[in-house]
Amino acid sequence: MCGGTGKAGGAASVGPGHFRLDDPVIQADPYAFYPRLRSEQPVLRTMVGDEPWWVVSRHEDVVKALMDPATFSSRIFPDPNLLFSDPPDHERLRKMVAPWFSRRAVDQLTGPITEHADILAQQIVARGQCDIVEDFAAKLTVTMISGMLGVAPGDVEDLRQLQGFLTEWFEMLLAVRRGVEPSPRARAAGERFDGLIGRVIDEASFREGGLVAKLVGHLNAGELTRAECVSYINILFGAGHSTTTDLIGNAVYILAHSPEYLGRISSDAEFVPLFIEEVLRTRPSFHRISRVTTRDVDIAGQPIPAGSMVRLLLAAANRDPAVHDDGETFDPDLPRRANLAFGRGIHTCLGSWLARLETMIALRALASHASGIELDSLHGPVSQTGGAFNNFGFRHLHVRLSPAAG
Ligand code: HEM
C-alpha cells in the first residue's frame, strides 16, 4: 500500500542514487525509497533544482541534528520567522505566541471543535460520499485556526487559496537566500503573499482579540518587523491547518484500509490517541525539514561543508528499524516511542496539542456517525506532489460512508 499501513512497495528497486526530493514519482510514494536510503546511503547528496542538498534518513542522525541548532541552523532564509530562526530571535518570536498553544489554552477550544466536527460529520455521512480532505478535514481545521488568529471571514478563503502557492513562496525565499533572480512564478507568489497578509495585518488593527491582533501589537511596539509579522501569520495559518488536514486525511486513509479500527475509535476512548500517534509515526504530515550547516561537520562519517543545505527525513527516521522492530508496519497496539512527527528540540511543534485534539475529535465524530468508511472506487486518492517542500498527505481523498445504526 502506498506508504500507508503496509510495507514499502515496488519502486524500492530504484537505488538511492536516483533519489530526488522534487521527483513526483518519489513524492507520490516516498516510503518505497526510505529503507534503501537508510541502509545504503544514510547521508545522501542529492539535488533540489540545481542546488545540492544532503538528505539524512537515520533516526539517530536526525535527532543529533535537531538537538544541535548551533551547527544545524534553521536560518535558511534571510528574514527570520519563528520556524526559520535561531536563538536569540527564535526565543523572542516563540515567546510571543506560546501561551496560546499551551494544553490548557487549547483545551478551551474543545467545545467549538466538537460542535463543528459533529455538524460536518453528520453532513457528509448523510450524503454518503465526500472528499474527506476538502469537505471535512480542511473545513474543520481552517475554521479553527482562522478563529484563533481572528482573521476576518472575508479573508479566510483567500488565505486558503494562497496556501496552494506555498511551494512558489519557498522558491522565492530560496532564490533570495542564494542571491539569484526568482522565477516570475515565484516572484508573483511572493507578491500575492505580501499583499494579502498585509491586508490581514491592516484589518487586524481595527479588531480586538485573536493572534493576528496580538502580533500586530508587537509590530506596533517595534518588537517585530513587518517582514517577520507577515511570515509569522503565514506560518501560523499554513501550519495551523494544512498539517492537521493531512493528518486527518492520512488517518481516514488507514481507516478505509483497516475497518476494524473505526469500531475501536467509537468504543474505546483510550485507543484514539494511540491510533493517532501511529498515524503520525507512519505517515507524518511533514516528511522532511531543513537546516543549513554553520560549520564543517561530520554526519555518520560523511563530511559536510559549512553552508550546506540539509534535509532531515523525519518520515524515514520514524520507521528506522534501529528504533522500531518492524517499523514499516502500522500497529497502534505496539508501544512506539521515538516519534519525530512533531520534530524535536527548540523548534518542536508549537501546535502539537491543537493538532492532536482536533484529530481526536474529528475521528470520534466520524466514528459516531459512520459505521464504515471505504475509498470511492470512482475517484482514486490524489496525493500531494509538486515542489520539494510539500507536506505528505492527500489533496483529495474521496470516500463512501455508511451511516451508523440508530
Ligand atoms: C499533524 C499536525 C502537525 C505536524 C505533523 C506538525 C509538525 C511540525 C514540525 C515537524 C515542526 C518542527 C519544524 C522544524 O523543526 O523545523 C513544527 C513546528 C511548528 N508547528 Fe507544527 N505541526 C502540526 C500542526 C501544527 C498546528 C496545528 C500548528 C498551529 C498553528 C502548528 C504550528 C507550528 C509552529 C508555529 C511551528 C514552529 C515552532 C518553532 O519553530 O519554534 N503546527 N510542526
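A charge counts as sitting over a ring if NZ of Lys or CZ of Arg is within 6 Å of the ring centre and within 35 degrees of the ring normal. In this predicted model, Arg-319 fits that description: it lies over the face of Tyr-31, at 3.5 Å from the ring centre. Arg-264 does something similar with Phe-271, lying over the face of that ring at 4.0 Å from its centre.

Now for the rings themselves. A pair of aromatic rings is described by the distance of the centres and the angle of the planes. Searching the whole structure turns up 9 aromatic pairs. One of them joins Tyr-261 and Phe-275: the centres are 5.5 Å apart and the planes sit at 55°, so this pair is tilted. Tyr-261 belongs to helix α13 (residues 260-267) and Phe-275 to helix α14 (residues 271-282), so the contact ties together parts that are 14 residues apart in sequence. Tyr-261 and Phe-275 are both buried.

Tyr-261 also pairs with Phe-330, and here the geometry is edge-to-face, with 5.7 Å centre to centre and 65° between the planes. Phe-330 comes from the loop between α15 (314-317) and α16 (352-369), while Tyr-261 is in helix α13, so this pair ties together parts that are 69 residues apart in sequence. Phe-330 is buried, as is Tyr-261.

Put together, ring pairs link Tyr-261, Phe-275, Phe-330 and Phe-271 into a cluster. Phe-271 is also the ring whose face has Arg-264 lying over it, which brings a charged side chain into the picture alongside the aromatic cluster.

Technical notes: Residues numbered from 1 in each chain as written. Predicted model: local features only at pLDDT ≥ 70, side-chain atom pairs only at ≥ 80, totals over all residues. Heavy atoms only, no water. Phe/Tyr/Trp six-rings, centres within 6.5 Å; stacked < 30°, edge-to-face > 60°. Helix = DSSP H or I, 4+ residues; strand = E, 2+ residues; numbered from the N terminus. Buried < 20%, exposed > 50% of the residue type's maximum accessible area, 1.4 Å probe, protein only.
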